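Biologist: Before we discuss this protein, please put its sequence and coordinates in front of us. I shall then ask about its sheets, its cysteines, its ionic contacts and its surface.

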Amino acid sequence: MAQKRKPAPVTPENLNPYEFALTQFDRAAEFLELDAGTRELLSTPKRQLTVSVPIKMDNKKIKVFMGYRVQHSIARGPSKGGIRFHPGVTLDEVKALAMWMTWKCAVVNIPFGGAKGGITVDPKALSSDENERLTRRYTSEIAIVLGHDRDIPAPDVYTTPQHMAWIMDTFSMTQGYSTLGVVTGKPIPLGGSAGRNEATAEGCFVTIDEAAKRMRLPLKGATAAVQGYGNAGMHVARFLEEAGVKVLAVSDSRGGIYDKKGLRMELVNAAKTKKGSVTAAAGQKISNAELLELPVDVLVPAALEGAITRANAARIKAKIVAEAANGPTTPDADDILRSNGTVVIPDILANAGGVTVSYFEWVQDLYSFFWDADVVRNHLERSLRRAYEDVAETARRHDTNLRTGALILAVGRVEEATRLRGLFP
Ligand code: NAD
C-alpha cells in the first residue's frame, strides 16, 4: 500500500520585530557584501538602558512600570527617536524601533543616529496627573543618556506634545537651565516647530504621491484605507482627502468604519474627538483585519508592527502600501506583496517626515531662530522627494524592492561613517 505523504512542516512566522529588523538588515548587508564583523557592529545596539519607573498613583499606592531607552547608533550624530507608552512595549520592540531610526535618519540624510524609548503601560488607564508623574520619573531615570548633543526623544504611540513638554521641563530641572533641544515634538510655545504635528503624515503623503506618479496612478479619484487613526494616520487621511482621494475606511484600536462612497474626515475627526473612537462616526463597521484587505488603491498601515504578515499578505489588494507605522510588514509578507506587484513604501522612507521636521525643530532650538510654516513644509517636501528618488534609484540598480533599496542606501551611509571614524581604541 502506498504510504501517505506527510505535509511539509510549516514553521511559524517569527513576529518578534527585532528579529525581522535583523532579517531586513541582512538582506541589505548581502547586497553591500559587508563582512561578518561589520554586520555585527552595525546591527548591535550601542546602549540599552532598562529602568524601573515607580510612581505614586492617585490612590496613593505605589506602582512600578518598566521603561527602556535604546541607542542603536551614534555613528552619524546624536541618537534620535520617539518614546512609546503602550502595554505591548518590550525591550526587543524598542531595539527594533531604535535600529529602524538609525536607517531612517540615514535615508533622509540627516545627521542623527537612531534611538527609541518606551514604557510598558496602558496610558489610557492612567489619569493625566499619573501620566505626568510617569513621564517625569522616566525622564529622570534615563536622563543620564539624554542631551541635545547625545540623545533626543520625540513622540510615538500614545505620547503627545504635552509629554514632550514634561520631558523638556524635567530634564531642564536636572540641568538648572532650559534645554529646548533635548526633545522634539514639543508644543510651539516651548520651542516646538511649525508643522511638526503633521510632519509624519505630510512626508508619507509626499511618498505616496511619488509612488503614484511613477505608477501613472492619478490620486484624484483613487481610493484608500488607513489603519490607525492617531497622529500619523489621521493627518495622512486628511492629506489624501485634500488630494481628491476617496478614503473608504479608517480604524483605531476599537475597530474601523467603511463607506464605499468615501468618508468625510471632518466628521470622523468630530466623532473621534467627542467619543474617543472613529467607530462612533457614520459608516459600516469593519474590523482592522477586514480594513487591510479592502480593494483600495492605497493602504496606509499607521498603527503597530506586524499588521501584514504571511497570514494575510496574499489577500492585500492595494496597489500601494505606504507604511506610516514602523514595522507593519514582516519580511515574508514583503516577499508575497512584491510577487503580487504591490509597491510597498517602506517605513524608513514613508514615515521619515516626522524625524525630518524633528531635525528642523532641533536646529531651530539650537539657533533660537524659528521658521515660518511654509519654510518647514518646503524643506520637508524637498527632503522627502529627494529621499524617494535616491531609494527608487538604489532599488532599481540592485533589482530589488523599495525596502531593501532604502536599507542598502541607509546601511551604506552608516557603514561609510563608521569606517571613516575607525574603531576606538
Ligand atoms: P498615536 O498614539 O497618535 O496613534 C495610534 C493610533 O493607532 C490610535 O488611533 C490607536 O487607537 C490606533 N491603534 C492602536 N492599536 C491599534 C490596533 N491594534 N489596530 C488599529 N489601530 C490601533 O501614534 P502615532 O504617533 O500616530 O504612531 C502610529 C505609528 O506611526 C507607530 O508605528 C509609530 O511608530 C509611527 N510613527 C509615528 C511618528 C510620529 O511622529 N508620531 C513618526 C514616525 C512613525
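**Sheets, cysteines and salt bridges**

Modeller: Please note at the outset that this is a predicted model. One open sheet is formed by five strands with mixed pairing, in the order E1-E2-E4-E3-E5.

Biologist: Which are the edge strands of that sheet?

Modeller: An edge strand pairs on one side only. From one strand to the next, the twist of this sheet averages 25°. The strands at the edges are E1 (47-56) and E5 (151-155).

Biologist: Within the sheet, which residue of E4 is the bridge partner of Arg69?

Modeller: Strand E2, residues 62-71, pairs with strand E4, residues 113-120, over five bridges. The sense of this pairing is antiparallel. Opposite Arg69, the bridge partner in E4 is Gly117.

Biologist: There is a further open sheet, of seven strands. In what sense do its strands E6 and E10 pair, parallel or antiparallel?

Modeller: The strand order is E9-E8-E7-E6-E10-E11-E12, with mixed pairing, and the edges are strand E9 (284-286) and strand E12 (343-345). Neighbouring strands are turned against each other by 20° on average, direction ignored. Strand E6 (residues 223-227) and strand E10 (residues 298-301) are joined over four bridges, among them one in which Ala224 has Val298 as its partner. The sense of the E6 and E10 pairing is parallel.

Biologist: How many disulfides does the structure hold, and why is Cys105 in none?

Modeller: A disulfide requires two cysteine sulfur atoms within 2.5 Å. The closest cysteine sulfur to that of Cys105 belongs to Cys204, and because the separation is 17 Å, the two are too far apart for a bond. Cys105 is buried at a relative accessible area of 0%, and Cys204 is buried at 0% as well. The number of disulfides is zero.

Biologist: Turning to charged side chains, which residue forms a salt bridge with Lys186?

Modeller: The structure holds 35 salt bridges. In the one made by Lys186, the closest N and O atoms are 2.6 Å apart. Lys186 lies in the loop between helix H5 (161-175) and helix H6 (199-214), and its partner lies in helix H12, 179 residues apart in the chain. Both residues are buried, and the partner of Lys186 is Asp365.

Biologist: Is Arg403, in its salt bridge with Asp334, buried or exposed?

Modeller: The closest N and O atoms of Arg403 and Asp334 are 2.5 Å apart. The pair links helix H14 (residues 402-421) to helix H10 (residues 331-339), across 69 residues. Asp334 has 4% relative accessibility and counts as buried. Arg403 also has 4% relative accessibility, and because buried means under 20%, Arg403 counts as buried.

Biologist: How far apart are the closest N and O atoms in the salt bridge between Arg315 and Glu293?

Modeller: Arg315 is in the loop between E10 and strand E11 (320-322), whereas Glu293 is in the loop between helix H9 (288-292) and E10. The two are 22 residues apart. Arg315 counts as partly exposed, with 43% relative accessibility. The closest N and O atoms of this pair are separated by 3.1 Å.

Biologist: Which residues make the nonpolar surface patch of about 390 Å²?

Modeller: One member, Leu366, is found in helix H12, residues 353-367. Leu366 counts as partly exposed, at 42% relative accessibility. The residues that make the patch are Leu366, Tyr367 and Phe369.

Terms used:
Residues numbered from 1 in each chain as written. Predicted model: local features only at pLDDT ≥ 70, side-chain atom pairs only at ≥ 80, totals over all residues. Heavy atoms only, no water. Buried < 20%, exposed > 50% of the residue type's maximum accessible area, 1.4 Å probe, protein only. Pairing = 2+ DSSP bridges. Axes fitted to C-alpha atoms, helices over the stretch in contact; angles between N-to-C directions. Patch = residues over 30% accessible without salt bridge, like charges linked within 9 Å, V, L, I, M, F, W, Y side chains within 5 Å. Areas by Shrake-Rupley, 256 points an atom, 1.4 Å probe, with all protein chains shown as cover. Salt bridge = Lys/Arg side-chain N within 4 Å of Asp/Glu carboxyl O.
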